[in-house]
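Reader: I would like to learn how to read the place where two parts of a protein meet, and then how to read its interior. Could you take me through both with one example?

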Amino acid sequence: MNALPNQIVIVGGGTAGWMAANLMAHQWSKLGCNITLVESKNIGTVGVGEGTTPFFQGFFDRLGIPESEWMEAANATYKCGISFPNWITTAKTDSYFHPFYSYIDSPQVPLFFANANLRREGLDVDAHPDDYFVTSKLAAQCRSPIAKEGNHQRLDYGYHFDAGLLGEFLKKKGIERGIVHIDDKVTDVRLDSNGDISSVITVNAGELIADLFVDCSGFQGLLIQQALGEKMVSYQSQLFNNSAVAIPTAINGDEELSSETVSKALSHGWVWHIPLANRYGNGYVYSNKYISAEEAELELRQHLGEKAEGVKALHLSWTPGRITEHWKNNCVAIGLSQGFLEPLEAPMLNIIQRSIENFVELYEKSEFTREYQQEFNADINSLIDGTRDYLQAHYKLNGRDDSQYWKDCRSNISQSKELKSILDGWIGNRNFDQVLRESMHNQVYFKTSWYCILAGMEHFQQACKPAVRAGKRNHQRAKEACLEKASGFIKHRAQLMQVYNS
Ligand code: FAD
């Protein structure tokens, strides 16, 4: 292992800052590395970010913190996947579910792939993903991804949580681990003669010197962008959405609790609906080129109905994109300072977690070796670009004609060659698995996710040949197996009570 930094200064105390602080402390504190986190309460955090992918399970596992400790503190719930209603208003079924895939699905999934490929050939068979994945049934039945006693199936799953409360929990844990926390504003960043950051200047705590700086200062990228001059590469031409308005609503403590994020298309974007233990998180993600913030808030309020009356709205905006050098000189950017795509599919905490984990691993090997920096930057860029492609596919495949926004999203020709080859390769006679393999180097989402979105959004030619018996049998077998397996999982609310009370 190479020499570790003696002193790390992290600028920013949002989710990214505290995730980085905890993972770095876990890895390096015992080895004599000191960590200081400076954040400005007056500036505050972005305050949203309520959904994760299954990758997030590994974050708390690594820190050795069980669900029973953190979930209640963050009003967290379980997440089995995401449903997408209304993206195709003309389809037979106007919604599909993007499941978190687990080993339990392995008997049904080949039946799904087989039917999807029959359907690609023009046969009239069922290829809608919802009947082939157990998590889809769990979400529909308000079950958790935790098996009943005696059932030893273990699923991959994500979480929903209150981002502010999660930040508070991580802060408490970080301080217990010895991280020095300063509430102060950074007003200046000093560089030395070789371009490294030598210190940051704060209003009250003076100069903070370190050998490694972590930029978690959010959209403004105080260190990486403003001090080190990293430029944002805009993805606005691929991803139109650049704004959101969020309004939480009350939850009835007696009602069944769903275990999915609902991402429902509206006139100029989509709205998230996320069940937490004590409320729903809702937010309309849209492009301000097509509607104003006032129009978006009005549409969201109409969508939510009387539950939203009197509740204050939070407006946010960003430019979708990323920087190119996330690790530059003695500074690594983690979180919104690296860039942001948009909230669809909730990929950002995944990008944050992977960035920290990869960085820690490579730093130990490298101690600022340029080659490792390049490897890190290339990996993170590929992760973000692969995510961007999957997100853009939702817009390219939409089937709505109610606004110019949706028509423009569909006809948008600004896309990566990998995305184009996947969308084109699905239509026609090519072996689709081969198409995916060819663009796999840039794929963050794997085969099941691509089949789910393409089949779920009915990216098929008109079915012109009658169904074959094998196709009907595949569907029936998969559906029965999923329903049977789902019955072996605990209801969501009951499972939460168990975790919260343990
Ligand atoms: P922030 O939360 O903005 O924190 C920045 C920190 O820097 C703050 O502590 C601030 O005080 C500090 N700071 C800034 N300037 C100074 C200064 N001069 N001096 C001292 N301190 C300073 N992600 C997901 O994974 N899932 C989701 O469902 C999801 N939904 C989202 C929805 C929306 C609308 C948006 C905009 C984002 C969403 N995200 C989501 C992204 C997620 O919110 C962020 O990635 C995550 O919260 C991390 O943010 P951050 O810590 O980088 O930045």
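Author: Let us begin with the polar side of the meeting place, keeping in mind that this is a predicted model. Across the interface of domain 1 and domain 2 there are two residue pairs in polar contact, both at pLDDT 80 or more, while the count of salt bridges between domain 1 and domain 2 is zero.

Reader: What kinds of residues make up the side of domain 1 that touches domain 2?

Author: That side of domain 1 divides into five nonpolar residues, one polar and two charged. Eight residues of domain 1 are in contact with eight residues of domain 2.

Reader: How is the size of such an interface expressed, and how much area do domain 1 and domain 2 bury between them?

Author: The size of an interface is often given as the accessible area lost when the parts come together. Here domain 1 and domain 2 bury about 810 Å² between them, with 61% of it on carbon and sulfur atoms. Of the area that domain 1 buries against domain 2, Leu341, Leu344 and Glu345 supply 49%, more than any other three residues.

Reader: And which residues touch the most other members of the largest nonpolar core?

Author: In soluble globular proteins, nonpolar side chains tend to be buried together. The largest nonpolar core has 115 residues, of which Trp28, Phe56, Trp70 and Trp450 touch the most other members. Apart from that core lies another, of 18 residues, including Val189 and Phe213.

Definitions and conventions:
Residues numbered from 1 in each chain as written. Predicted model: local features only at pLDDT ≥ 70, side-chain atom pairs only at ≥ 80, totals over all residues. Heavy atoms only, no water. Contact = heavy atoms within 4.5 Å. Buried area = accessible area lost by both parts, 1.4 Å probe. Salt bridge = Lys/Arg side-chain N within 4 Å of Asp/Glu carboxyl O. Polar contact = N/O pair within 3.5 Å; in protein donor to acceptor, adjacent residues only side chain to side chain. Nonpolar A, V, L, I, M, F, W, Y, C, P; charged D, E, K, R; others polar. Core = buried A, V, L, I, M, F, W, Y, C linked by side-chain atoms within 4.5 Å. Buried < 20%, exposed > 50% of the residue type's maximum accessible area, 1.4 Å probe, protein only.
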